[in-house]
Amino acid sequence: TSPKEAKIQFDFNKHYNILLFTESHGYRMKNYGAVQLTKINGLCLIDHQIKALKSRFKNFTIILSCGFESSRIWRHLKNNYSNLDVRLIENPLYRTTNSCESIRLAIMNTNSKNMLVCSSANIFEKRHLDKLSFSDTSIFCQRLENNKTDLKVYKGNDNSIKLDFGVGDLCWTEMLYLDGEKSVNDFYSIIDCEEYKSKFLFEAINKLSQRHRINIYENIHKQIIKLDSAVKLKEIIK
């Protein structure tokens, strides 16, 4: 069976937290600096992301969890989005920890019951967000033939049973939606330990799938690209 194609329903009365996380200090971007401030078609990546989020959500908070060049990112947000509910959470140990710790710190600073967790390096648009229901705990994936680098989605009965490197065309986009207070709390209980400070988000999702059904939604639009290297940037702007 294919990932969900049901009609998407969206509750505009809900308050959503959008958590944009980082898992490295940007060394693969060489001299481009923080990925959030990388220019694409004249705008910083974070500007493109905020534009898409504002088009999709009405009642929301954006939380950036980062470490590398966090002061520059904070100044950009302060100068350009003073009227928007957007926060920055700094991970002072970003060089020695990974995405789970960045996400843990962000969750500690919110009481949100509904949370979209997304890589801050993702290039996405409103039409991508429109394919997520935001009514059940779920992940977003896309089909990429002959892709040997992205994490693959292993599924059963339309839900994710494992994310891992391997064979297959169904790739995870590094986007997770946690629906409801129990889902958020259970996820936090997984990453709130020393063991997970150096682990990646997908490892926590695999643990969460043992407690919660994690539905799968598929991107049918152009590829969501993760801007994680100088080579990738050159491909995008050429």
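**Entry 1: α5 against α6**

Before I looked at how two helices cross, I noted that a helix axis here is a line fitted to the C-alpha atoms over the stretch in contact, and that the angle, from 0 to 180 degrees, is taken between N-to-C directions. The model I am reading is a predicted one.

I started with the pair α5 and α6. Their axes come within 10 Å and cross at roughly 120°. That angle is over 115 but not over 145, so I put α5 and α6 down as oblique to each other. The crossing of α5 past α6 is right-handed.

Next I asked which residues of α5 and α6 meet. From α5 I wrote down S183, D186, F187, I190 and I191, and from α6 I wrote down L201, A204, I205, K207 and L208.

**Entry 2: how enclosed is α6?**

I then stayed with α6, which covers residues 201-208. How many of its eight residues are buried? I found six, so the helix is largely enclosed by the rest of the structure. The buried ones are L201, F202, A204, I205, N206 and L208. Among them, L201, A204, I205 and L208 are also on my list of α6 residues that meet α5.

**Entry 3: salt bridges**

Side chains of opposite charge can pair when their charged atoms come close. I looked up the total and got 16 salt bridges. I followed up three of them.

My first stop was R87 with D85, where the closest N and O atoms are 3.9 Å apart. The cut-off is 4 Å, so this pair is counted as a salt bridge. R87 has 34% relative accessibility and counts as partly exposed. D85 is partly exposed too, at 35%.

Then I turned to E101 and K197, a salt bridge with its closest N and O atoms 3.2 Å apart. E101 sits in helix α3 (residues 99-108) and K197 in the loop between α5 (181-191) and α6, so this salt bridge ties together parts that are 96 residues apart in sequence. Are the two partners buried or exposed? E101 is buried, with a relative accessible area of 5%. K197 comes out as partly exposed, at 22%.

R104 pairs with D192, and here the closest N and O atoms are 3.6 Å apart. This pair also links distant parts of the chain: R104 belongs to helix α3 and D192 to the loop between α5 and α6, 88 residues away. R104 counts as buried at 11% relative accessibility, while D192 is partly exposed at 38%.

Which residues do shared partners join into one network? I have E101, R104, D192 and K197 in it, connected through their salt bridges.

**Entry 4: two polar residues in helices**

While in α3, I also checked S102. Its relative accessible area is 3%, so I marked S102 as buried. What lies 3.3 Å from a polar atom of the S102 side chain? I found the backbone oxygen of T22. Setting aside neighbours within four places in sequence, S102 is in contact with T22, S65 and N91.

Q49 was my other choice, and it lies in helix α1 (residues 45-56). At 0% relative accessibility, Q49 counts as buried. Which residues does Q49 touch, not counting those up to four places away in sequence? My list reads L20, S119, S120, A121, N122 and F124.

**Entry 5: positive phi**

Most residues other than glycine have a negative phi. I looked at two that do not follow this.

E69 is not a glycine, yet it has a positive phi of about 55°. I placed E69 in the loop between β4 (60-66) and α2 (70-80). It is partly exposed, with a relative accessible area of 27%.

E174 is not a glycine either, and its phi is positive at about 60°. Where does E174 lie? I found it in strand β11 (residues 170-179). Buried means under 20%, so E174, with a relative accessible area of 17%, goes down as buried.

Conventions
Residues are numbered from 1 along each chain as its sequence is written. This is a predicted model: local features need pLDDT of at least 70, side-chain atom pairs count only at pLDDT 80 or more; totals for chains, interfaces and linings use all residues. Side-chain values use heavy atoms; hydrogens and water are left out. Buried means under 20% relative accessible area, exposed over 50%, partly exposed in between (1.4 Å probe, protein chains only). Helices (H or I, at least four residues) and strands (E, at least two) are DSSP runs, numbered from the N terminus. A salt bridge is a side-chain nitrogen of Lys or Arg within 4 Å of a carboxyl oxygen of Asp or Glu. Contact means heavy atoms within 4.5 Å. A polar contact is a pair of N or O atoms within 3.5 Å; within protein, one must be able to donate a hydrogen and the other to accept it, and residues adjacent in sequence count only if both atoms are side-chain atoms. Angles under 35 degrees count as roughly parallel, over 145 as roughly antiparallel, 65 to 115 as roughly perpendicular and the rest as oblique. A crossing is left-handed if the near helix is turned anticlockwise from the far one by less than a right angle, and right-handed if clockwise.
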